[in-house]
Amino acid sequence: MTGEQSHIDLLKNAVRQRISGMSVVEVDTAHQTNDLIKKLSNEIGERPLATIPFQVSDGASNFLAASRNAIRQLPTEEGVLFLTDAQDSDGDTAHQFWSEMNLLRESWAALDCHVVFMLLPGNYRMLIKAADHLADQIPLKLHLTQSEETSLSRITNGPVLSGNLSPRAARQQLSMSELGLAAALQKGTPKSQLIRRYYLPMIEAAIALNDLNLAQFLLKKVSEADILRADLPQWRTITFKLDYHLNNKHLQTDME
């Protein structure tokens with residue numbers, strides 16, 4: 001299976017789920033976006049979907065308002081909203097747009113549907129650069145560009161952990177990561193990449209949901225010897241958090 005096909009399969013698996021959440025896909029052209037939406041429509045079936053093309057000149061607040069209006073009549077967590085990049089941009093206007101999107105991240109996360117950003121390369125880079133906290137709340141980041149090497153470097157570099165996850169964001173992160181992990185295991189993805197892309201984010205989400213049994217179970221799947229050197233600080237952060245929560249739980253039990 002090619003890297004591109006595995007990413008398409010991950011996206012298909014994601015849109016099949018009747019849950020609210022966010023995904024982002026980097027694409028080369030608007031034509032590619034249209035073809036991809038047609039493929040995904042078959043996976044969604046009779047569930048409702050909406051598509052909104054946007055340009056950064058529209059403004060982030062107007063974009064959010066249009067998205068809310070598009071899903072107003074959709075059943076909760078049933079619909080899929082595709083947000084399609086109509087004009088690639090990575091200049092000052094794009095930076096301002098994505099900076100404003102970053103400030104609105106909680107409002108985007110609160111939309112009761114599956115939001116799929118289809119971004120051209122310039123806007124994808126600007127999402128990561130100027131809307132890093134919004135990007136952190138998007139558990140599924142896929143790349144369907146011609147340069148597989150570039151896409152792999154984007155997956156490999158950068159932080160693994162999102163920070164302080166809300167319960168809703170944690171559930172989304174856990175659900176999407178589970179989908180990706182299943183596909184990655186079938187593909188034979190190297191252990192270091194499984195840890196970076198799936199196990200560490202899933203442990204973080206389990207801790208945020210106070211599901212310490214799940215966090216411990218996932219932790220047993222990870223060997224420190226398999227962790228990339230760049231990920232070791234985040235590994236130590238997540239194990240410290242888990243130890244802290246476990247100690248608190250034991251203290252509470254002893255006091256009862």
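Does Arg 18 count as buried, partly exposed or exposed, and at what relative accessibility? In this predicted model, Arg 18 has 49% relative accessibility and therefore counts as partly exposed, since exposed begins only over 50%. Its side chain meets that of Glu 78 in a salt bridge, with 2.4 Å from N to O. Arg 18 sits in the loop between H1 and strand E1 (21–27), and Glu 78 in the loop between helix H3 (60–70) and strand E3 (80–85), so the bridge ties together parts that are 60 residues apart in sequence. Glu 78, at 22% relative accessibility, is likewise partly exposed.

The count of salt bridges comes to 3. Another of them joins the side chains of Glu 43 and Arg 16 at 2.7 Å, N to O. This pair links helix H2 (residues 30–44), which holds Glu 43, to helix H1 (residues 3–16), which holds Arg 16, across 27 residues. Glu 43 is partly exposed at 24% relative accessibility, and Arg 16 is partly exposed at 38%.

Arg 196 and Asp 231 also form a salt bridge, their closest N and O atoms being 2.5 Å apart. Arg 196 belongs to helix H10 and Asp 231 to the loop between helix H11 (212–219) and helix H12 (232–255), so parts 35 residues apart in sequence are tied together. Both Arg 196 and Asp 231 are buried.

The largest nonpolar core has 47 residues, and Met 118 is among those with the most contacts inside it. Helix H10 (residues 191–208) supplies the largest share of this core, 10 residues. Beyond its sequence neighbours up to four places away, Met 118 touches residues including Val 25, Leu 36, Phe 82 and Asp 85. A second, separate core of 33 residues includes Trp 98 and Ile 138.

Methods:
Residues are numbered from 1 along each chain as its sequence is written. This is a predicted model: local features need pLDDT of at least 70, side-chain atom pairs count only at pLDDT 80 or more; totals for chains, interfaces and linings use all residues. Side-chain values use heavy atoms; hydrogens and water are left out. A nonpolar core is a set of buried Ala, Val, Leu, Ile, Met, Phe, Trp, Tyr and Cys residues joined through side-chain atoms within 4.5 Å. Buried means under 20% relative accessible area, exposed over 50%, partly exposed in between (1.4 Å probe, protein chains only). Helices (H or I, at least four residues) and strands (E, at least two) are DSSP runs, numbered from the N terminus. Contact means heavy atoms within 4.5 Å. A salt bridge is a side-chain nitrogen of Lys or Arg within 4 Å of a carboxyl oxygen of Asp or Glu.
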